[in-house]
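Welcome, and thank you for taking a look at this one with me. Below are some notes to read with the structure open beside you.

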Amino acid sequence: MSKLPSTPIYSSEVYLMACKQFDRAADAINLPESIRDRTKHPHRAVVVSVPIRRDDGSVSVFEGYRVQHNLSTGPAKGGIRFHPDVTLGEVAALAMWMSWKTALVGLPYGGAKGGVIVDPSKLSSTELEHLSRRYMQEIIPFIGPQVDVPAPDLGTNEQMMGWMVDTYSTHVGHLVPAVITGKPLAVGGSQGRREATGAGVAHLVSRYLADMGVPISSATVAIQGFGNVGGEAALALSRRGARIIAISDYTGGYHNPAGIDVAKALACVASTRSLAAFDGGEAITQDELLTLDCTVLIPAALERVITPELAPRLRCRLLAEAANGPTTYDADRWLETNRPDLEIIPDVLCNAGGVIVSYFEWLQNLENYYWTRDEVLEKLFRQLDQAREAVERQLRRYKFSRRLAAQTLGIQRVADAKTARGLFP
Ligand code: NAD
């Protein structure tokens, strides 16, 4: 066990969960005490006030964070979240998972995450632009193409990344596309980045279904969250022949055993920003969606939705964690013991497609040489396959769960880099 107590500033259920996962993984690989605390605790955190002028002329102040968990293996990398439930502890946990993820898939990055406590659905487009720009302005001293490279996450999108690139570039005096990934193509975004996370999830789901001997044409899929990741995963899986039988967003769930019309659902979100007006399925609750009888369950919204109470009611055969941290520590231990038949693709592997193509985007920006969509997706799938094979080898060698296999690989690589670099006196 790590000796340093959890810092109170990060204290939250989700940070505690990330710490418990770390402690278990560190024990499993006998990580030396001398390197544990350095590997576990966030390197640094920034808290900023973000004042913006509202459309009615008033001023609102939002609180924002950026946590850089690990800078030992390269520039920190991780998305920016706009959500009302953001806390410093949540951002720190997400930053920690980014460290293991970038290391697991072999990217020359560290791990970071950012967030602002705000409900973006309550802000107009102009107000969202003010918020994106002012947040970026406040974190400029702590980021840069060789320091920390943000990207979109829950509640943020390509357009917001475009505003942030512009704010940073205006500050520096010239266009610096490599400071942010997941930005519009017109300012150096990459082909394939928008669909990368969802396409990666679909690719891995297809691989694991094949291992399980289940033809994808007979697979049924339920997806919680229908934003960038959930929407793109639905599209990619339906194109591969799977039947999407349920989807949901913050407005509720929609069930259609004959198959959801994914294109229609995407068009609904594109024109109204939610699924509230979607009429292609019966209304169901989030709980009903998560416990549906289906082949594949894909949580693609928030963390900690699969709780110890819900875990015994899961009826899927494959759980593909597109969201970060969707399964609580205790629920995961319960599933490991009681559901050996359930295959789990853990978050650090399952949603790694996003950061892999972010890396490709950053490379293209630094070299000013741009790739085709086919090149991007081919390289993405190859890199995901390599990571998956490494996880399966680790799982077989040590008889670990797939989550423990993935996390120990990531943690070991970060710890090795810290050991090789030594401790600055
Ligand atoms: P997004 O904002 O584009 O979409 C989020 C979706 O979740 C929306 O449909 C929203 O309505 C829904 N949602 C929000 N609260 C909900 C609730 N209480 N119940 C049900 N649905 C709810 O965000 P995203 O980029 O798709 O990210 C989704 C998840 O994937 C997050 O956990 C994020 O950290 C993770 N992730 C994203 C990326 C990426 O490239 N965007 C990469 C890796 C992991």
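1. Let's begin where α12 touches α13. On the α12 side the contact is made by G353, I356, V357, F360 and Q364, and these meet V376, K379, L380, Q383 and L384 of α13. Sorted by class, this contact has six nonpolar, three polar and one charged residues. Please keep in mind throughout that you are looking at a predicted model.

2. How do the two helices lie relative to each other? Helix α12 covers residues 353–367 and helix α13 covers residues 373–398; their axes come within 10 Å and cross at roughly 130°. The pair α12 and α13 is therefore oblique. As for handedness, the crossing of α12 and α13 is right-handed.

3. Helix α13 has another partner to look at, helix α6, which spans residues 193–212. Here the packing angle is about 50° and the axes are 10 Å apart, so α6 is oblique to α13. The crossing of α6 and α13 is right-handed.

4. Which residues of α6 and α13 meet? From α6 come E195, A196, A199, G200, H203, L204, R207, Y208 and D211, and from α13 come R373, L380, F381, L384, D385, R388 and E392. By class, the contact of α6 with α13 has seven nonpolar, two polar and seven charged residues. As you trace it, look out for L380 and L384 of α13: they meet α6, and they also appear in the contact with α12.

5. Next, a residue in a strand. I244 lies in strand β7, which runs over residues 243–249. Is I244 buried or exposed? Its relative accessibility is 2%, under the 20% limit, so I244 counts as buried.

6. What surrounds I244? Leaving aside residues up to four places away in sequence, I244 touches V221, I223, A234, L237, S238, N256, G259, I260 and V262. You can also find A219 by its distance: the C-alpha atoms of I244 and A219 are 8.5 Å apart, while 25 residues separate the two in sequence.

7. Now for the cysteines. How many disulfides does the structure hold? The count is zero. C294, for instance, is in no disulfide, and the nearest cysteine sulfur, that of C316, is 5.4 Å away. A disulfide needs two cysteine sulfur atoms within 2.5 Å, so the C294 and C316 pair does not qualify.

8. Are these cysteines buried or exposed? C294 has a relative accessibility of 4% and so counts as buried. C268 counts as buried too, because its relative accessibility is 11%.

9. For a change of scene, turn to the loops. N30 sits in the loop between α1 (13–28) and α2 (33–40). Its phi is near 50°, a positive value in a residue other than glycine. With a relative accessible area of 63%, N30 is exposed.

10. Finally, have a look at K399, in the loop between α13 and α14 (402–421). Phi of K399 is near 55°, again positive in a residue other than glycine. Is K399 buried or exposed? The relative accessible area of K399 is 74%, and the residue is therefore exposed.

How values were computed:
Residues are numbered from 1 along each chain as its sequence is written. This is a predicted model: local features need pLDDT of at least 70, side-chain atom pairs count only at pLDDT 80 or more; totals for chains, interfaces and linings use all residues. Side-chain values use heavy atoms; hydrogens and water are left out. Buried means under 20% relative accessible area, exposed over 50%, partly exposed in between (1.4 Å probe, protein chains only). Axes are lines fitted to C-alpha atoms, for helices over the stretch in contact, and angles run from 0 to 180 degrees between N-to-C directions. Helices (H or I, at least four residues) and strands (E, at least two) are DSSP runs, numbered from the N terminus. Angles under 35 degrees count as roughly parallel, over 145 as roughly antiparallel, 65 to 115 as roughly perpendicular and the rest as oblique. A crossing is left-handed if the near helix is turned anticlockwise from the far one by less than a right angle, and right-handed if clockwise. Contact means heavy atoms within 4.5 Å. Ala, Val, Leu, Ile, Met, Phe, Trp, Tyr, Cys and Pro count as nonpolar, Asp, Glu, Lys and Arg as charged, and the others, Gly among them, as polar.
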